[in-house]
Amino acid sequence: MHSPQSVRSGGRGLDWDTKPAPFKIYPDLPPVALPRDFPVPALDALTAISTGPAAPAPLDLERLAALLYFSAGVTRRAAYPGGGTMYFRAAPSTGALYQTEVYVVAGDVAGLEPGVYHFSPGDFALRCLREGDFRGALAIAAADEDLAGRPATLILSAIYWRNTWKYQARGYRHLFWDSGSMLSNLLAAATALDLPARAVTGFVDLEVNGLLALDAEKEGALVLAPVGEQGRPASVSPVVASITPAVIPLSSSEVDYPLLRDAYANSSLDSESEVGAWREPSRRRRPPAGASQALPAAGPTAGRALGETIMARGSTREFSGAAIGAEDLSTVLWHATRGWPADVPSGLVDLYLSVHAVEGIEPGAYAYRPEDHALEQLTRGDVRGQSAHLCLDQPLGGMSSATVFFLADLDALLEAYGNRGHRLANLEAGLIGGRLYLGAYAQHFGATGLTFYDREVVDFFSPHALGKDAIFVTALGRSVKGAARSAAPLQITRPS
């Protein structure tokens, strides 16, 4: 947990000589080039965020390429003095460190041989780790036969060091924030490409990690996303033999954080029967609601396509402090919280807001009630200063139009889902945060993710938030550069 004391007494600088490389490279595996002429998601961004596909389309290599590009691809590059290059991705990541990796377990993708593949955004290619149809093995590991009949499953994993290099053991949370943000892109892009998709959070970690040949000391699988219309189930899976493909080290040296590894291990599921029992539905406790202010009706569309929105998205570095409209805030909150197909119910985190400059809404602190689409006012008045302080004393937290704080009743989640409940809370916060990003940029304003002083966030929103824990923060508002980018369609830069 962060506190003003812990942050100021940390005294640890960054070792730039050991900054991790941005891409995972398998030097001995030949690339399987992905097509560069893939379909661009033209569906309105807000529709893509909060609905499902109208009519399922077959999953072919072109659609798979589009799905990978708009969820995890390199969308632009920036050169720095001295020859350095920064690779910006389709989805946001804490510190722009991009520790989330994507694997594909393919069985019935037109134009792609069945196999287990790693996606390399650097050269926009797949590399085959295992030949054959392993969908059946993945279905067993997830205790979910549906996966055996889906054309492919995308697996989001994380390389710990790429994040802990900067954030140390707290990077454990970031693994799920970032994979949740990527998942928001993936699910929206799948909808826009007419591909059914859902999230699977329960699986036998050891089996999935073994299938992907991950180094258990350094990386781990986080979430599965089966994609495409249900078809003929896979035949019996080949034996999942142990393999150790060569991987180029990310740094000359690494620092191990046992606390992170222990958190992953202690929240793992050990058998298919345990996965099945873990998914049993449970009821969520909600605090009694007070008087609230109904938000205006959310806009159904934004007029900006999903592909264009993803290309325009970035992390706002400076807010102007200017206001957004009440309908703008209403629209982004509505579409971000409508739920998504998954193996566990959504609604595990609660949204609290510090409102600074929203036309028609009095400044102050609020709790958002998604079931009523309403704001419950907790305090009145200018809270810019308090909000900036809560966000590690970063001005972004106070100069925004509104800052969204994600809190969760972790005691209840741990009781219902065991230690894996902590994963679920952070993943859901990251997913909703990713949707807030997309909803904001679809409406031509900005967003950025922030970190925070844990206990002080809870204290600020109490007594309403008593017993909860702070999970994540996303700030929304106008960029200092102006109200919005041009509404003209952006040029989609194909990977080179």
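## Strands and helices: exercises

Ser354 stands opposite Ala365 in E13. The model is predicted, so local features need pLDDT of at least 70 and side-chain atom pairs count only at pLDDT 80 or more, while totals for chains, interfaces and linings use all residues. Residues are numbered from 1 along each chain as its sequence is written, and side-chain values use heavy atoms, with hydrogens and water left out. Helices (H or I, at least four residues) and strands (E, at least two) are DSSP runs, numbered from the N terminus.

**Exercise 1.** Find which residue of E15 stands opposite Ser354, and state how many bridges join E11 to E15 and to E13.

Solution.
- Step 1: Thr403 in E15 is opposite Ser354.
- Step 2: E11 and strand E15 (residues 402-408) run antiparallel and are joined by six bridges. Two strands pair if DSSP finds at least two bridges between them.
- Step 3: On strand E13 (residues 364-369), four bridges make the link to E11, again antiparallel.
- Step 4: Tyr352 also has a residue opposite in E13, namely Ala367.

**Exercise 2.** Place E11 in its sheet and name the edge strands.

Solution.
- Step 1: The sheet is open, has seven strands and follows the order E9-E14-E13-E11-E15-E17-E16, with antiparallel pairing.
- Step 2: The edges are strand E9 (293-294) and strand E16 (446-450). Each has a single partner strand, so one side of each has no neighbour in the sheet.

**Exercise 3.** Decide whether the residues of E11 are buried or exposed, and sort them by the way they point.

Solution.
- Step 1: Buried means under 20% relative accessible area, exposed over 50%, partly exposed in between (1.4 Å probe, protein chains only).
- Step 2: In strand E11 (residues 350-355), six of the six residues are buried, so the strand is largely enclosed by the rest of the structure.
- Step 3: Asp350, Tyr352 and Ser354 point one way, Leu351, Leu353 and Val355 the other way, and all are buried.
- Step 4: In a regular strand, side chains alternate between the two faces of the sheet.
- Step 5: For contrast, take Ser9, which lies in helix H1 (residues 4-9). Ser9 has a relative accessible area of 58% and is therefore exposed.

**Exercise 4.** Give the strand order of the six-strand sheet and describe the pairing of E4 with E7.

Solution.
- Step 1: This open sheet has the order E1-E6-E5-E4-E7-E8 and antiparallel pairing.
- Step 2: Strand E1 (31-33) and strand E8 (219-227) are the edges, each with a single partner strand, so one side of each is left free of a neighbour in the sheet.
- Step 3: From one strand to the next, the twist averages 30°.
- Step 4: Strand E4 (residues 100-106) pairs with strand E7 (residues 152-159) in the antiparallel sense over seven bridges. Ala106 is opposite Ala152 in E7.

**Exercise 5.** List the buried residues of H6 and state what they pack against.

Solution.
- Step 1: Six of the eight residues of helix H6 (residues 160-167) are buried, and the helix is mostly covered.
- Step 2: The buried residues are Tyr160, Trp161, Arg162, Asn163, Thr164 and Trp165.
- Step 3: Their packing partners are E4, E7, H7, E8 and helix H9 (258-266).
- Step 4: After H6 comes Gln168, with a positive phi near 55°.

**Exercise 6.** Describe how H7 packs against H16, H9 and H3.

Solution.
- Step 1: Helix H7 (residues 171-192) and helix H16 (residues 420-442) have axes that come within 7 Å and cross at roughly 50°. Axes are lines fitted to C-alpha atoms, for helices over the stretch in contact (heavy atoms within 4.5 Å), and angles run from 0 to 180 degrees between N-to-C directions.
- Step 2: H7 and H16 are therefore oblique to each other. Angles under 35 degrees count as roughly parallel, over 145 as roughly antiparallel, 65 to 115 as roughly perpendicular and the rest as oblique.
- Step 3: The contact includes Tyr172, Phe176 and Trp177 of H7 and His422, Arg423 and Leu427 of H16.
- Step 4: The axes of H7 and H9 come within 9 Å and cross at roughly 55°, which makes H7 oblique to H9.
- Step 5: Here Gly171, Tyr172 and Leu175 of H7 meet Leu260, Ala263 and Tyr264 of H9.
- Step 6: Helix H3 (residues 61-72) packs with H7 at an angle of about 145°, with the axes 8 Å apart. Leu67, Phe70, Ser71 and Ala72 of H3 make this contact with Met182, Asn185, Leu186, Ala189 and Ala190 of H7.
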